[in-house]
Amino acid sequence: MRRKTKEEYIEIICLLEREQGRAQTGMIAEAIDVKPPSVTEMLRKLEEKGLIIYEPYAGATLTRAGQEMARDLRQRHRTFADLLGLLGVNAGTAEADACQFEHHVSSETLEHLRLFLEFLRESPEGRQSLEDFREFRRRRG
């Protein structure tokens, strides 16, 4: 089992906080398939960084900085999922792959991808390029 990143913890804490009001250690452990002691260790580290407020036995909630990080991660995820969707990748695969990409790309690359997606969606040339690509894929498929 690979080690989970702090970003993955922030994402699941955000999700559980929205659904349950807070993210308890056991819930986090189950959601990301790690042992509760590993979750506790990471929660203490995230609290030291000012990303969460952690109360043993009660759980964790995001601070403003944690909420900003979660928002940034959602935006990163959406950018990649949208790009993959435009390329014709099925939704489930696009979502799974976006989870991987979002943690391993620079801000510069992400900004260029966002601009490219904006171009494809909003300019006549971009929309035509998308249509041409879909036709190309159809002929090749």
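# Loops, charges and buried side chains in a predicted model

Y57 sits in the loop that joins strand 1 (52–55) to strand 2 (59–62). The structure described here is a predicted model. Although Y57 is not a glycine, its phi is positive, at about 70 degrees. Y57 counts as exposed because its relative accessibility is 82%, and the threshold for that class is over 50%.

A second residue with an unusual backbone angle for its type is D33. Its phi is near 60 degrees, again a positive value in a residue other than glycine. D33 belongs to the loop between helix 2 (25–32) and helix 3 (36–48). With a relative accessible area of 56%, D33 is likewise exposed. Both positive-phi residues described here therefore lie in loops and both are classed as exposed.

## Polar contacts from loop residues to the backbone

Two further loop residues direct their side chains towards backbone oxygens. T63 occupies the loop between strand 2 and helix 4. A polar atom of the T63 side chain lies 2.6 Å from the backbone oxygen of G50. T63 has a relative accessibility of 16% and so counts as buried, the limit for that class being under 20%.

S123 is placed in the loop between helix 6 (107–122) and helix 7 (124–140). The S123 side chain reaches the backbone oxygen of F119, at a distance of 2.8 Å. At 14% relative accessibility, S123 is also assigned to the buried class.

Which class does L43 fall into, buried or exposed? L43, a residue of helix 3, is buried, since its relative accessibility is 0%. Between the C-alpha atoms of L43 and T79 the distance in space is 28 Å, and the two residues are 36 residues apart in sequence.

## Salt bridges

How many salt bridges does a search of the whole structure find? The search returns 10 salt bridges. Three of the pairs are described below.

R22 pairs with E55, and their closest N and O atoms are 3.8 Å apart. This bridge links distant parts of the chain, with R22 in the loop between helix 1 (6–20) and helix 2 and E55 in strand 1, a separation of 33 residues.

The bridge between R76 and D72 has an N to O distance of 3.3 Å. Both partners belong to helix 4 and are four residues apart, which corresponds to about one turn of the helix.

R78 and E95 meet through their side chains at 3.1 Å, N to O. Since R78 is in helix 4 and E95 is in helix 5 (residues 91–101), this pair ties together parts that are 17 residues apart in sequence. Salt bridges with shared partners join R78 and E95 with D82 and R121 in one network.

The accessibility of the six residues in these pairs is set out below.

| Residue | Relative accessible area | Class |
|---|---|---|
| R22 | 24% | partly exposed |
| E55 | 38% | partly exposed |
| R76 | 9% | buried |
| D72 | 34% | partly exposed |
| R78 | 38% | partly exposed |
| E95 | 32% | partly exposed |

Within the helix 4 pair, R76 is buried at 9%, whereas D72 is partly exposed at 34%. In the bridge from helix 4 to helix 5, R78 is partly exposed at 38%, and E95 is partly exposed at 32%.

## A patch of positive charge

Which residues gather in a patch of positive charge on the surface? The patch consists of R18, R64, R71 and R74. Helix 4 (residues 64–86) contributes the most to this patch, with three residues. R64 is located in helix 4. R64 counts as exposed because its relative accessibility is 65%.

Helix 4 thus appears in several of the features described: it gives three residues to the positive patch, it holds both R76 and D72, and it contains R78, the partner of E95 in helix 5.

Note on methods. Residues numbered from 1 in each chain as written. Predicted model: local features only at pLDDT ≥ 70, side-chain atom pairs only at ≥ 80, totals over all residues. Heavy atoms only, no water. Helix = DSSP H or I, 4+ residues; strand = E, 2+ residues; numbered from the N terminus. Buried < 20%, exposed > 50% of the residue type's maximum accessible area, 1.4 Å probe, protein only. Polar contact = N/O pair within 3.5 Å; in protein donor to acceptor, adjacent residues only side chain to side chain. Patch = residues over 30% accessible without salt bridge, like charges linked within 9 Å, V, L, I, M, F, W, Y side chains within 5 Å. Areas by Shrake-Rupley, 256 points an atom, 1.4 Å probe, with all protein chains shown as cover. Salt bridge = Lys/Arg side-chain N within 4 Å of Asp/Glu carboxyl O. Lys, Arg positive; Asp, Glu negative; His and termini not counted. Charge placed at Lys NZ, Arg CZ, Asp CG, Glu CD.
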